[in-house]
Amino acid sequence: MITQVQIRNYRSLAQVVVNLESLTILVGPNGAGKSNFVDALRFIADALSTTPELALKQRGGINVVRRRSKGHPTHFGLRVNMDWGNGSGASYAFQVSALPQGDFAVKQEMGRVWAANAMPLYQFSVTEGALQTNVPGLRPRIEKDRLALTVLSAAEELRPLYDALTHMRFYSLVPDRIRELQEPDPGQALKRDGSNAAAVLREIEKKSPRDYERLCRLLGKVVPGTTSAHYLALGPKETLRFRQDVGDANPWSFEALNMSDGTLRVLGVLLAVYQTPTPPFIAIEEPESTVHPAAAEVLVDIFAEAYSRSQILITTHSPDILDSKNLRDDQIRAVEYRKGAMIIRSRARCRRLWKTAPASWRSTCARRIASRVLRRRPSPSCHKRRCARPWSTRSPTGTTPCLRRCGSSSSMTASLEVRTPGGLPNSVTIEAMKLGAAHVLRNPMIYTLLSRLGFVTGIGSGVYRTIQLVRQATGREPAIYQEANELVVALPKGSSAPEH
């Protein structure tokens with residue numbers, strides 16, 4: 001397990017020292033540097049698996065990777081400390097210097113592996129190409145633009161260190177890549193974007209039936225009705241097939257092409273966790289994206305079960321994940337970007353972070369972080385600061401009241417807003433919707449399914465019937481309008497309804 005990561009002058013990270021747990025959650029606003037922290041670890045794996053030159057080119061070159069600041073440092077450094085249990089462990093570090101015309105050189109590199117007595121068992125150090133080591137028989141030539149551990153891993157004594165670093169896995173899952181037909185793959189390791197998901201699922205089902213059953217059960221919790229997912233070969237391509245219980249005697253089958261982004265993303269998370277062989281370290285960026293907030297608890301359950309198998313690092317914006325009862329406070333790291341540098345703080349330092357957090361962060365998730373990590377209760381009006389739009393401009397019919405149970409009073413006319421993402425089709429107008437004279441099938445498959453189950457009545461008349469029912473109940477009509485890329489239906493509260 002990686003116990004500590006030290007980073008200096010890498011992208012937005014000036015000087016960062018972070019202690020990691022078996023499960024660590026990085027939370028912070030966009031642009032705070034969460035992805036840069038994960039990328040620093042991925043750079044270590046990439047530089048050892050291939051070459052530092054290729055790893056730098058994939059990121060835009062040394063001048064992009066080294067931190068931009070007033071002094072513009074000419075080098076960056078990375079270090080990881082690991083605990084392998086029973087008193088054994090390892091550490092590895094290197095420093096890369098920038099040279100003229102976008103060139104670079106590995107200035108320093110060191111590695112240590114120790115046994116249960118905490119004394120260095122095997123170690124090496126490289127300074128500008130000169131190697132020193134206590135491993136007998138090792139005298140390789142070290143180039144200044146290569147990492148020595150790649151060559152030294154041929155020694156049995158240093159191989160565990162190399163394997164632990166190169167077998168780390170990093171994921172930014174892309175549902176479209178999971179959905180499309182995939183090239184044949186051995187399925188030994190899930191790719192970063194999930195583009196070989198079908199082959200990985202095949203290997204899990206074949207080699208670890210118990211993990212496969214658990215995967216299907218957890219998928220069914222996130223996507224109700226889904227009973228299983230299977231590998232499917234289509235000629236020279238591979239894809240996924242899902243089975244869903246829709247009330248018939250036999251489950252219906254759907255290929256990945258017909259599944260939602262949220263379903264495919266959750267499957268990708270499950271494959272990352274249960275893939276075989278199991279990686280020693282797994283980092284997943286924003287696993288909650290396109291997933292319903294109600295499923296956040298299940299995602300945390302997946303991670304809580306997974307960190308008994310692998311070390312897990314998660315980046316997230318989701319307050320629902322932070323609210324999970326299965327997370328401990330010491331597993332959360334709050335991330336902030338201040339004065340051109342990224343700062344990562346644990347619970348012990350969050351009090352100062354909360355006092356100095358910028359208003360833009362407080363207005364989103366910082367108050368939720370502080371409430372959980374510091375056990376502080378948010379003030380009654382905190383939700384008002386979460387709103388990006390002024391309260392006086394949220395409805396064309398007037399102001400919008402406080403609908404949350406915060407204890408504050410409001411003199412504004414109350415209403416409930418139902419917001420649907422996405423604009424109206426070109427052939428549909430709001431006036432036509434009010435008359436029940438317009439409709440467009442956005443998803444024919446869902447319509448067909450719900451229609452067979454008897455859940456669809458009076459197609460295209462939903463808005464018209466809503467107007468009639470609200471008029472009967474309150475004597476007023478709901479406000480229907482478009483705002484940005486959303487369709488908004490504001491339902492007024494009846495005069496007899498109690499004030500909160």
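Over the ring of which residue does the charged end of Arg 202 sit? In this predicted model, the ring is that of Tyr 231, and the charged end of Arg 202 lies 5.1 Å from the centre of that ring. Tyr 231 also appears among the neighbours of Thr 239, a residue of strand E11, which spans residues 237-244. When residues up to four places away in sequence are left aside, Thr 239 touches Arg 179, Leu 181, Ala 198, His 230, Tyr 231, Leu 232, Leu 234 and Ala 256. The relative accessibility of Thr 239 is 2%, and because buried means under 20%, Thr 239 counts as buried.

Aromatic contacts were examined next. A pair of aromatic rings is described by the distance of the centres and the angle of the planes. A search of the whole structure finds seven aromatic pairs. One of them joins Phe 43 and Phe 94, whose ring centres are 6.2 Å apart and whose planes meet at 45°, so that the pair is classed as tilted. This pair links distant parts of the chain, since Phe 43 belongs to helix H1 (residues 34-49) and Phe 94 to strand E5 (residues 88-98), with the two positions 51 residues apart in sequence. Both partners are withdrawn from the surface: Phe 43 is buried at 1% relative accessibility, and Phe 94 is likewise buried, with a relative accessible area of 5%. Phe 43 and Phe 94 are also members of one aromatic cluster, which is formed together with Tyr 10, Phe 76 and Tyr 92.

Another link across the sequence involves strand E6, in which Val 113 lies. Val 113 and Met 82 are 31 residues apart in sequence, while their C-alpha atoms are 9.4 Å apart in space. With a relative accessibility of 7%, Val 113 counts as buried.

Strand E6 (residues 104-114) also contributes to an enclosed space, giving four residues, the largest share, to the lining of the second largest cavity. The structure holds two cavities of 30 Å³ or more, and the second largest has a volume of about 40 Å³. Its lining is made up of Val 106, Lys 107, Gln 108, Glu 109, Val 126, Gly 129, Ile 142, Glu 143, Lys 144 and Arg 146. By class, these lining residues divide into five charged, three nonpolar and two polar.

Among the pockets, the second largest encloses about 710 Å³ of space. The lining of this pocket comprises 25 residues, of which Val 223, Gln 244, Ser 260, Thr 263 and Ile 446 lie nearest the centre. The elements that give two or more residues to this lining are H8, H9 and helix H16 (444-452), and the largest share, four residues, comes from H16. In this pocket the lining consists of 14 nonpolar, nine polar and two charged residues.

Helices H8 and H9 are also partners in the packing of helix H10. In H10, which spans residues 296-306, the buried residues are Ala 296, Val 298, Leu 299, Val 300, Ile 302, Phe 303 and Ala 306. These buried residues pack against several helices, namely H8 (209-222), H9 (261-274) and H11 (319-322), and against strands E3 (23-27), E13 (281-285) and E14 (311-316).

Several features of the backbone were found in loops. The peptide bond that leads from Thr 276 to Pro 277 is cis, with omega near 0°, and Pro 277 has its place in the loop between H9 and E13. A positive phi in a residue other than glycine occurs at Arg 11, where the value is near 50°. Arg 11 is placed in the loop between strand E1 (2-10) and strand E2 (13-19), and with a relative accessible area of 22% this residue is partly exposed. Gln 101, again a residue other than glycine, has a positive phi near 60° and is found in the loop between E5 and E6. At 85% relative accessibility, Gln 101 counts as exposed, because the term applies to values over 50%.

Key: Residues are numbered from 1 along each chain as its sequence is written. This is a predicted model: local features need pLDDT of at least 70, side-chain atom pairs count only at pLDDT 80 or more; totals for chains, interfaces and linings use all residues. Side-chain values use heavy atoms; hydrogens and water are left out. On a 1 Å grid over the protein atoms alone, a cavity is a set of points where a 1.4 Å probe fits but cannot get out, and a pocket is an open set with protein on both sides within 12 Å along at least five of seven lines; lining residues have an atom within 4 Å of a point. Grid points are joined across faces, edges and corners, and a volume is the space filled by probe spheres set on the points. Ala, Val, Leu, Ile, Met, Phe, Trp, Tyr, Cys and Pro count as nonpolar, Asp, Glu, Lys and Arg as charged, and the others, Gly among them, as polar. Rings of Phe, Tyr and Trp (its six-membered ring) pair if their centres lie within 6.5 Å; planes under 30 degrees apart count as stacked, over 60 as edge-to-face and the rest as tilted. Buried means under 20% relative accessible area, exposed over 50%, partly exposed in between (1.4 Å probe, protein chains only). A charge sits over a ring if NZ of Lys or CZ of Arg is within 6 Å of the ring centre and within 35 degrees of the ring normal. Contact means heavy atoms within 4.5 Å.
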